[in-house]
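These are my notes from a session with one model, written down in the order in which I looked things up.

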Amino acid sequence: MAVLVTGGAGYIGSHMVWELLDSGEDVIVLDRLSTGFEWAVAPEAKLVIGDIADASLVKSLFRDHEIDAVMHFAGSIVVPESVAMPLAYYENNTCKTRALLETIIEGNIRHVIFSSTAAVYGNQGEAPIAEDASTNPESPYGRSKLMTEWMLRDASAAHGFTYTTLRYFNVSGSDPRGRTGQSTEGATHLIKVACETATGKRPAMTVFGTDYPTPDGTCIRDYIHVSDLAAVHRLALARLRRGGSNLTANCGYGRGYSVFEVIDSVKKMAGRDFDVQLCTRRAGDASAVVANSDLAYREFDWQPKYADLDRIVADALAWEEILARGNRQKFDRAEL
Ligand code: UFG
């Protein structure tokens with residue numbers, strides 16, 4: 001059996017491709033390379049450059065390969081961009097997924113794993129958030145993902161495929177073997193920004209808000225290593241293949257770190273000090289976003305391997321060093 005990974009040239013998708021290959025799966029990647037990179041796709045996977053809404057292309061993939069499952073990563077993910085360009089987010093995330101689902105149903109694909117986000121919860125206060133919390137997304141990004149969750153639920157009920165929706169918390173780090181990592185230019189995510197600062201790509205970084213109701217005044221987030229996240233997807237697929245029912249599960253470790261704690265870890269692991277400017281709050285940030293991940297631990301028998309902030313930071317830094325050396329991966333691949 002083969003797995004179709006949409007968005008497999010992107011940050012999380014490219015880690016998923018390695019995870020699947022490492023566990024012996026055949027992998028087809030569908031990516032239009034709008035934000036992903038051809039070189040990020042493992043050479044053992046088959047990369048098809050194209051759009052998830054191109055029904056004839058997707059049909060041909062289902063016809064030509066023994067695909068039983070789709071892992072759907074393709075989508076737009078930048079919250080402020082979604083506020084500026086909401087219709088682009090509804091188009092990319094919601095409408096195109098609707099088109100993909102139609103082709104999935106026509107192709108009799110059995111299972112779907114969908115990348116959703118903690119942004120569907122909105123601001124819920126300090127306590128860890130469980131899946132049965134009310135959903136109240138505060139951005140078009142969160143709403144575009146929540147609408148897709150609803151489509152999946154309704155389409156599954158009508159057409160019989162099974163699915164798992166995974167709501168990601170703060171995904172960070174990179175492949176521990178250095179095969180792929182977060183390569184997006186102009187990334188805004190805290191660990192990426194701090195690692196870029198530590199390796200000299202940025203002259204300084206900014207802390208957005210030091211007056212939150214948290215122990216050190218900065219925001220708390222649940223940072224999950226991208227390779228542990230990929231493992232959750234693999235386990236979720238195994239569960240569906242065993243006949244498991246539809247499920248929506250949080251993906252975090254259930255433990256939060258403040259912005260200052262993250263920056264301290266980056267300085268420690270890099271062995272370098274760097275300039276940190278303290279600034280006012282960034283619009284829309286919740287003071288604490290931590291997962292209650294009991295469901296993922298229980299349902300998937302998930303045993304994270306990298307649930308340690310220093311480890312996440314070390315792997316993120318290692319990838320930053322690779323990028324700073326002129327993207328070793330890219331050149332190695334070009335020579336293959
Ligand atoms: N932060 C800084 N300085 C920076 C970057 C971030 O202080 O340069 C702070 C933010 O203000 C926030 C924390 O670090 O307090 C984490 O910010 P990120 O941008 O790394 O991540 P978010 O928590 O804002 O967003 C993440 C995902 C989104 C998702 C959201 C759901 O990136 O896709 O969680 O909660 F929608």
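I began with helix 5 and listed its buried residues, which are P140, Y141, G142, R143, S144, K145, L146, T148 and L152. Since this is a predicted model, I take each value below as computed from predicted coordinates. I then looked up what covers these buried residues of helix 5, and found that the cover includes helix 3 (79-84), helix 4 (86-106), strand 5 (111-117) and strand 6 (162-168).

I also checked the length of helix 5, which has 20 residues (140-159): at 1.5 Å a residue it should span 28 Å, and its end C-alpha atoms are 28 Å apart, so the two agree. Just after helix 5 comes G160, and I noted its positive phi, near 95°.

Next I turned to positive phi values outside glycine, having in mind that most residues other than glycine have a negative phi. L33 is one such residue, with phi near 60°, and I placed it in the loop between strand 2 (26-31) and strand 3 (46-49). I counted 14 other C-beta atoms within 10 Å of L33, so it is partly exposed. D301 has a positive phi too, of about 50°, and lies in the loop between helix 9 (294-300) and helix 10 (309-324). Is D301 buried or exposed? It has 10 C-beta neighbours inside 10 Å, and therefore counts as exposed.

For the interior, I looked up the largest nonpolar core, which has 94 residues, and recorded V17, V29 and C251 as those with the most contacts inside it. I followed C251 further: setting aside neighbours within four places in sequence, its contacts are L166, R167, Y168, F169, I224, L229, V232, A291, S293 and A296.

Then I went to the ligand, which has 20 residues around it, with A119, H189, L190, F208 and C219 coming nearest. The elements that give two or more residues to this shell are helix 6 (190-198) and strand 8 (204-208). Which element gives the most to the shell? It is strand 8, with 4 residues. Sorted by class, the shell holds 12 nonpolar, 5 polar and 3 charged residues.

Last, I consulted the record: an unreviewed UniProt entry carries the annotation "domain: NAD-dependent epimerase/dehydratase" over residues 3-252. In the model, the end C-alpha atoms of residues 3-252 lie 24 Å apart, and I noted that the span is 38% helix and 21% strand.

Notes: Residues numbered from 1 in each chain as written. Predicted model: local features only at pLDDT ≥ 70, side-chain atom pairs only at ≥ 80, totals over all residues. UniProt positions renumbered as here; feature names shortened; annotations may be inferred. Near = placed C-beta within 6 Å. Nonpolar A, V, L, I, M, F, W, Y, C, P; charged D, E, K, R; others polar. Core = buried A, V, L, I, M, F, W, Y, C linked by C-beta atoms within 7 Å. Buried ≥ 20, exposed ≤ 12 C-beta atoms within 10 Å, placed from the backbone. Contact = placed C-beta atoms within 7 Å. Expected span 1.5 Å × (residues − 1).
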